[in-house]
Amino acid sequence: QGNPYWDCHSSGMLIPVRDVWGGLTGFQIRTNREPKYIWFSYSGQGKASAHIIPGDGIPWIIEGVLKSYVTHYFLNVPCFGIPGTGTWNTIPFSCLRGGRVVVAYDNEDNPHTEKAKKMLLSRLKEMGITPIVAGWNRTLGKGIDDACLYLQQQGITPTPEMFFPGIKSGKEAI
């Protein structure tokens with residue numbers, strides 16, 4: 001029905017993961033139980049891969065494939081959705097252009113998330129890419145997708161600049 005994902009009856013939501021050319025590399029299945037996500041791919045494919053949504057502007061690295069779909073919808077930015085905090089090495093770094101990238105990991109106090117984010121930031125700097133760490137008030141939600149949805153529900157159109165540290169835009173400072 002034109003949706004980028006499907007509801008799998010009584011098993012979860014099937015989320016396609018695509019490469020830079022739009023080819024399917026696998027699927028994540030969002031379940032209603034633990035584990036929250038299950039990886040599904042054809043024989044011979046690695047366990048996980050980054051989901052890529054090409055576009056113009058500074059690319060965003062999003063913690064979560066489904067979150068990358070939502071972020072792209074609201075902010076209209078190119079996205080690399082990684083299936084988990086520690087899977088940043090699945091990003092095809094050769095596709096990063098322009099010398100800058102926005103990193104939007106969940107806004108939470110989780111030592112595993114922080115460690116993985118620091119490793120990603122270090123790798124980007126080693127490559128000569130300037131990382132911009134997205135930020136938002138935790139009252140808006142843990143993930144960038146939650147924050148975008150919350151702002152939209154308040155009548156505020158989310159923009160990428162709202163998530164850059166030190167920049168104030170919209171009706172109020174975020």
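## A guided tour of the predicted model

Begin by selecting helix 1 (residues 65–75) together with helix 3 (residues 144–153): the two pack at an angle of about 35 degrees, and their axes are 8 Å apart. The structure on display is a predicted model. Viewed along the line from one helix to the other, the crossing of helix 1 and helix 3 is left-handed.

Next, show the side chains at this contact. From helix 1, select Lys67, Val70, Thr71, Phe74 and Leu75; these meet Ile144, Asp145, Cys148, Leu149 and Gln152 of helix 3. Coloured by character, the residues of this contact comprise six nonpolar, two polar and two charged.

Now turn to the open sheet. Five strands form it, in the order 5-7-6-8-9, and their pairing is mixed. At its edges, select strand 5 (51–53) and strand 9 (130–133), each of which pairs on one side only. From one strand to the next, the twist averages 20 degrees.

Within the sheet, isolate strand 6 (residues 60–63) and strand 7 (residues 79–82), which run parallel and are joined by four bridges. A useful pair to label here is Glu63 and, opposite this residue, Ile82 in strand 7.

For an antiparallel pair, move to strand 3 (residues 24–30) and strand 4 (residues 37–40), which are paired over four bridges. Trace the backbone between them: a hairpin of six residues joins strand 3 to strand 4. Label Gln28 and then Trp39, its bridge partner in strand 4.

Select helix 2 (residues 111–126) next, and within this helix pick out Lys117. Is Lys117 buried or exposed? With a relative accessible area of 13%, Lys117 is buried, because the cut-off for that term is under 20%. To see what surrounds Lys117, display Val103, Tyr105 and Val133, with which Lys117 is in contact once neighbours within four places in sequence are left aside.

Finally, colour the chain by pLDDT. The mean for the chain is 86, and 85% of the residues reach 70 or more. Where is confidence lowest, and where is it highest? Strand 1 (residues 6–8) has the lowest confidence, at a mean of 54, while helix 3 has the highest, at 97. The last selection is residues 168–174, over which pLDDT stays under 50. For this stretch the model has twelve contacts beyond four places in sequence.

Notes
Residues are numbered from 1 along each chain as its sequence is written. This is a predicted model: local features need pLDDT of at least 70, side-chain atom pairs count only at pLDDT 80 or more; totals for chains, interfaces and linings use all residues. Side-chain values use heavy atoms; hydrogens and water are left out. Two strands pair if DSSP finds at least two bridges between them. Buried means under 20% relative accessible area, exposed over 50%, partly exposed in between (1.4 Å probe, protein chains only). Contact means heavy atoms within 4.5 Å. Axes are lines fitted to C-alpha atoms, for helices over the stretch in contact, and angles run from 0 to 180 degrees between N-to-C directions. A crossing is left-handed if the near helix is turned anticlockwise from the far one by less than a right angle, and right-handed if clockwise. Ala, Val, Leu, Ile, Met, Phe, Trp, Tyr, Cys and Pro count as nonpolar, Asp, Glu, Lys and Arg as charged, and the others, Gly among them, as polar. pLDDT is the predictor's confidence in each residue, from 0 to 100.
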